[in-house]
Amino acid sequence: MTNIIVSVVVQRIQYAKTKSDVIAKADGTFVPREKRKRHEEKGKKSKKEQHDPNQMAMGVNPGYPGGYGAAPPLSQIPYPGVRSLVPEAPAPPNNILFIQNLPNETTPMMLQMLFQQYPGFKEVRMVEAKPGIAFIEYGDEAQSTVAMQGLQSFKIQQNPMLITYAKK
């Protein structure tokens with residue numbers, strides 16, 4: 001007699017109501033907010049009241065040396081050579097799938113064998129200049145969606161595939 005153990009994991013996903021400061025800084029829409037007061041600081045003066053009133057009257061912000069017209073802190077200036085931590089918006093559904101995270105040894109034949117099990121398969125296109133990515137074309141977007149859902153995170157040599165719709 002064989003015992004079978006089944007475990008079920010349930011995840012609950014909730015979306016944030018507002019952008020985090022890190023995301024807002026990355027996309028350039030950051031606006032400083034007033035900090036929340038802590039329970040132990042209620043009796044003390046707030047940081048705003050501790051600033052020199054002469055500086056405030058002159059319009060000098062101690063966070064920005066030099067007052068008006070001063071450069072913002074380097075943490076708020078986007079650096080052109082660095083990709084943002086914010087993921088790009090997903091492409092709208094279409095009949096071409098974009099496959100990422102493939103091992104360098106992946107061949108078009110391997111992908112064809114994997115993806116042709118779904119109806120509507122047309123062709124595999126690999127990008128020779130960039131190993132690890134490929135495009136898979138289907139007859140229509142419904143067929144590509146079924147294939148994407150069926151093979152999302154499928155592992156080839158321990159690499160889980162990341163499948164999205166290709167950008168047109």
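User: What makes strands 2, 3, 1 and 6 a sheet, and in which sense do they pair?

Analyst: Two strands pair if DSSP finds at least two bridges between them, and strands here are DSSP runs of E with at least two residues, numbered from the N terminus. In this predicted model, local features need pLDDT of at least 70 and side-chain atom pairs count only at pLDDT 80 or more, whereas totals for chains, interfaces and linings use all residues. Strand 2 and strand 3 are joined by 5 bridges, strand 1 and strand 3 by 4 bridges, and strand 1 and strand 6 by 4 bridges. Each of these counts meets the requirement of at least two bridges. The 4 strands therefore form an open sheet in the order 2-3-1-6, with antiparallel pairing. Bridge partners include Phe98 with Phe135 in strand 3, Met126 with Ala134 in strand 3, and Gln100 with Leu162 in strand 6.

User: Why are strand 2 and strand 6 said to stand at the edges?

Analyst: Strand 2 and strand 6 each have a single partner strand, so one side of each is left without a neighbour in the sheet. On average, neighbouring strands of the sheet are turned by 25 degrees against each other, direction ignored.

User: Which strands does helix 4 touch, and at what angle does helix 4 run to strand 2?

Analyst: Helix 4 packs on the sheet and touches strand 1, strand 2, strand 3 and strand 6; contact requires heavy atoms within 4.5 Å. The direction of helix 4 makes about 150 degrees with that of strand 2, where axes are lines fitted to C-alpha atoms, for helices over the stretch in contact, and angles run from 0 to 180 degrees between N-to-C directions. Helix 5 lies across strand 1, strand 3 and strand 6, and runs at about 160 degrees to strand 6. Helices are DSSP runs of H or I with at least four residues.

User: Why is Ile163 called buried?

Analyst: Buried means under 20% relative accessible area, exposed over 50%, and partly exposed in between (1.4 Å probe, protein chains only). Ile163 has a relative accessible area of 2%, and therefore counts as buried. Residues are numbered from 1 along each chain as its sequence is written, and side-chain values use heavy atoms, with hydrogens and water left out. Ile163 lies in strand 6 (residues 162-165). Beyond its neighbours within four places in sequence, Ile163 contacts Leu97, Phe98, Ile99, Phe115, Met148, Leu151 and Gln152. The C-alpha atoms of Ile163 and Met148 are separated by 6.1 Å, although these residues are 15 apart along the chain.

User: What makes a set of residues a nonpolar core, and how many residues has the largest one?

Analyst: The members must be buried Ala, Val, Leu, Ile, Met, Phe, Trp, Tyr or Cys residues joined through side-chain atoms within 4.5 Å. The largest such core has 20 residues, and Leu97, Ile99, Phe115, Ile136 and Met161 have the most contacts inside it. Strand 1, helix 4, strand 2, strand 3, helix 5 and strand 6 each supply at least two residues of this core. Not counting residues up to four places away in sequence, Phe115 touches Leu97, Ile99, Phe121, Ile136, Tyr138, Ala147, Leu151, Met161 and Ile163. In soluble globular proteins, nonpolar side chains tend to be buried together.

User: How many aromatic pairs are there, and why is the one between Phe98 and Phe135 classed as tilted?

Analyst: There are 2 aromatic pairs. Rings of Phe, Tyr and Trp (its six-membered ring) pair if their centres lie within 6.5 Å; planes under 30 degrees apart count as stacked, over 60 as edge-to-face and the rest as tilted. Phe98 and Phe135 lie 5.2 Å centre to centre with 40 degrees between the planes, so the pair is tilted. This pair links strand 1 to strand 3 across 37 residues. Phe98, at 19% relative accessibility, is buried, whereas Phe135, at 24%, is partly exposed. Phe121 and Tyr138 lie 6.0 Å centre to centre with 80 degrees between the planes, so they form an edge-to-face pair. Here Phe121 belongs to strand 2 and Tyr138 to strand 3, 17 residues apart.

User: How do you know that strand 3 is largely enclosed by the rest of the structure?

Analyst: In strand 3, 4 of the 5 residues are buried, so the strand is largely enclosed. Tyr138, with a relative accessible area of 0%, is buried.

User: Why is Ser153 counted as partly exposed?

Analyst: The relative accessible area of Ser153 is 45%, so this residue is partly exposed. Ser153 lies in the loop between helix 5 and strand 4, and its phi is near 70 degrees, a positive value in a residue other than glycine.
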